[in-house]
Amino acid sequence: MRAVIVYESMFGNTHAIADAVGKGLEPMLQVVVVPLAEIGGERLGDADLLVVGGPTHFRGMSRKFTRKWAASTAQKPSNDLVLDHDDQGLGVRDWLASLGRGRTKVAAFDTRFNGPAVLRGRASKAISRKLRKHGFEVVAKPESFFVNLKNHLEPGEEARAHAWGKRLAESVVSSGATDADRPGPPPASKET
Ligand SMILES: Cc1cc2nc3c(=O)[nH]c(=O)nc-3n(C[C@H](O)[C@H](O)[C@H](O)COP(=O)(O)O)c2cc1C
């Protein structure tokens, strides 16, 4: 069985969590971790599990102006942030809007400041909702991984992501049949 993890990351936190989730999935699934900017070359249609992650910006998924904001934040000398990606190109929000219909099992995560989601917001909830609207089968609650106020991952978050990935793999493998095995309408013509 094959899993694809797609992530968007400006400061590298979501990237690090995507890698950790991938390591958690790996013993049970064949895993590809791919940044959104390189998703064009990746086969999604035959994945058994798709995991989508992005940073929380202004309580939700990033937008063009928030990615620019992130880039200029990273460039301030007072910050020790390193840009994982420039502010050009698409974010998860744009990519999801362009996504065709699919039936693959999916799960979403985000990175964000620690604190109640009701105050901080969380991109994963919106990612999950969009994927469900596109017909995908959401198999896990949206999950958040936390950074401190300097935008660095809190201790233990990569280990938590690893454990989350492991649980995800176990549930996907134990649920057995992939969507391709299920009766249903023919796959959408648009490649997902
Ligand atoms: C422009 C901008 C807006 C942000 N807005 C929020 C927010 O509303 N809630 C939150 O919890 N974190 C917020 N954050 C913090 C990011 O979610 C956090 O730094 C995240 O780990 C960044 O992921 P990345 O390193 O993959 O880019 C914001 C960060 C930036 C740069």
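In this predicted model, helices H1 and H6 pack against each other with their axes 7 Å apart. H1 spans residues 13–25, and H6 covers residues 157–174. The angle between the two is about 40°. Angles under 35 degrees count as roughly parallel and those from 65 to 115 as roughly perpendicular; H1 and H6 are therefore oblique to each other. The crossing of H1 past H6 is right-handed.

On the H1 side, the contact is made by Ala16, Ile17, Ala20, Val21, Gly22, Lys23, Gly24 and Leu25. H6 contributes Glu157, Glu158, Ala161, His162, Ala163, Trp164, Gly165, Lys166, Leu168 and Ala169. By class, the contact of H1 with H6 comprises 10 nonpolar, four polar and four charged residues.

H1 also takes part in the ligand shell, where it supplies at least two residues. Helix H2 (64–75) and strand E4 (105–113) each do likewise. The largest share, four residues, comes from H2. In total, 22 residues surround the ligand. Of these, Phe11, Asn13, Thr14, Pro55 and Arg112 come nearest. The shell divides into 11 polar, eight nonpolar and three charged residues.

Confidence was then examined along the chain. The average pLDDT is 91. A score of at least 70 is reached by 92% of the residues. Residues 178–192 form a stretch where pLDDT stays under 50. For this stretch the model has 19 contacts beyond four places in sequence. Where pLDDT is low, predicted coordinates should not be read in detail.

Note on methods:
Residues are numbered from 1 along each chain as its sequence is written. This is a predicted model: local features need pLDDT of at least 70, side-chain atom pairs count only at pLDDT 80 or more; totals for chains, interfaces and linings use all residues. A residue is near a molecule or strand if its C-beta atom, placed from the backbone, lies within 6 Å of it. Ala, Val, Leu, Ile, Met, Phe, Trp, Tyr, Cys and Pro count as nonpolar, Asp, Glu, Lys and Arg as charged, and the others, Gly among them, as polar. Axes are lines fitted to C-alpha atoms, for helices over the stretch in contact, and angles run from 0 to 180 degrees between N-to-C directions. Angles under 35 degrees count as roughly parallel, over 145 as roughly antiparallel, 65 to 115 as roughly perpendicular and the rest as oblique. A crossing is left-handed if the near helix is turned anticlockwise from the far one by less than a right angle, and right-handed if clockwise. Two residues are in contact if their C-beta atoms, placed from the backbone, lie within 7 Å. pLDDT is the predictor's confidence in each residue, from 0 to 100.
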